[in-house]
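User: Please explain the terms applied to this structure, and show how each value meets its definition.

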Amino acid sequence: MLVVPIFMFCQSIYAQSFDKVMYRITYKTRFVKDTLERDSNSNYRYLDDEMRLDIGRKCNAFYSSREKQLYDYWAEAMKRGGEVSPDMQRPAYVNLTLKSFRNYPEGSNTWMISSGLYGSYRFEEPMSEPQWSLCADTCTILGYSCSKAETYYKGRHWTAWYTDEIPIGQGPWFLSGLPGLILKAEDARLQWVFTAVGLEQMKGEEELSPSSYLRKAEPASWKQYLAFRRTTTMDEAMQSRSGGVRIYGVNPDGTDMTEQQYNQVYKRIEPFNPIDLSE
């Protein structure tokens with residue numbers, strides 16, 4: 001039987017343009033993957049990423065800018081025959097592979113989750129907006145006066161800070177529908193926190209092509225996917241996708257894992273704390 005190592009890989013993405021990017025907002029993102037893992041002070045251990053909200057005339061795209069930089073990094077390496085030039089700086093580690101697309105296809109919200117172990121899946125649903133309660137509190141973010149709003153959306157209680165100085169009713173993920181751009185959003189448990197750190201008005205020259213991300217993802221229902229992630233070990237997920245190919249693990253030092261080491265790492269359910277808790 002053929003033996004192959006566990007690995008993750010990325011592919012360059014090219015597709016016909018669906019829209020053009022008119023505005024780009026960058027959010028510093030902190031999230032909790034394992035709600036049971038705490039530090040010595042019983043605080044969550046956060047992972048971080050840098051997420052982009054690209055706003056077009058037809059749709060929005062929300063994705064990790066680090067992942068986009070990684071695609072570009074490997075695309076440039078491929079142009080060099082697979083070699084990485086010393087002057088090419090490898091992007092920061094991608095922690096969040098969540099991608100969401102508002103009004104794509106038209107009238108729908110589509111999003112996807114990718115995992116090298118569990119595969120890539122996409123979820124499509126009728127487009128919806130949270131029902132917000134506006135509050136009197138205010139603050140300043142990036143020099144903009146912001147107002148507070150709250151909502152219960154997809155299993156989480158969200159607090160958002162938006163500015164009507166930028167009358168674009170959009171925000172991270174599918175948080176939208178306020179009188180202005182959302183510059184900060186967090187759930188009540190502080191497991192997901194988005195804070196705007198950059199705003200750009202684009203020239204409408206850059207492509208916005210959701211299909212380039214989605215075409216490699218398998219369609220699924222969110223309820224079925226939740227059940228799959230909550231009951232399937234990493235080993236079971238890999239075996240189901242390997243087509244009978246034997247899989248083994250590799251230690252950080254490059255040596256093959258023993259059976260005991262492999263079982264400790266992969267014969268367990270990977271922690272999963274999705275942004276969407278609705279079922």
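Analyst: The answers below concern confidence, burial, salt bridges and strand pairing. This is a predicted model, in which local features need pLDDT of at least 70, side-chain atom pairs count only at pLDDT 80 or more, and totals for chains, interfaces and linings use all residues. Residues are numbered from 1 along each chain as its sequence is written, and side-chain values use heavy atoms, with hydrogens and water left out.

User: What is the mean pLDDT of the chain?

Analyst: On the scale of pLDDT, the predictor's confidence in each residue from 0 to 100, the chain has a mean of 86. Over residues 1-16 the pLDDT is below 50.

User: Why is arginine 24 called buried?

Analyst: Buried means under 20% relative accessible area, exposed over 50%, and partly exposed in between (1.4 Å probe, protein chains only). Arginine 24 has 5%, and therefore counts as buried. Aspartate 54 is also buried, because its value is 3%. Glutamate 206, at 31%, is therefore partly exposed.

User: What makes arginine 24 and aspartate 54 a salt bridge?

Analyst: A salt bridge requires a side-chain nitrogen of Lys or Arg within 4 Å of a carboxyl oxygen of Asp or Glu. The closest N and O atoms of arginine 24 and aspartate 54 are 2.7 Å apart, which meets that limit. Arginine 24 also forms a salt bridge with glutamate 206, again with 2.7 Å between the closest N and O atoms. Arg24, Asp54 and Glu206 are thus linked in a network.

User: How do you know that strand 11 and strand 12 pair?

Analyst: Strands (DSSP runs of E, at least two residues, numbered from the N terminus) pair if DSSP finds at least two bridges between them. Strand 11 and strand 12 have three bridges, in the antiparallel sense, so they pair.

Definitions and conventions. Contact = heavy atoms within 4.5 Å. Helix = DSSP H or I, 4+ residues; strand = E, 2+ residues; numbered from the N terminus.
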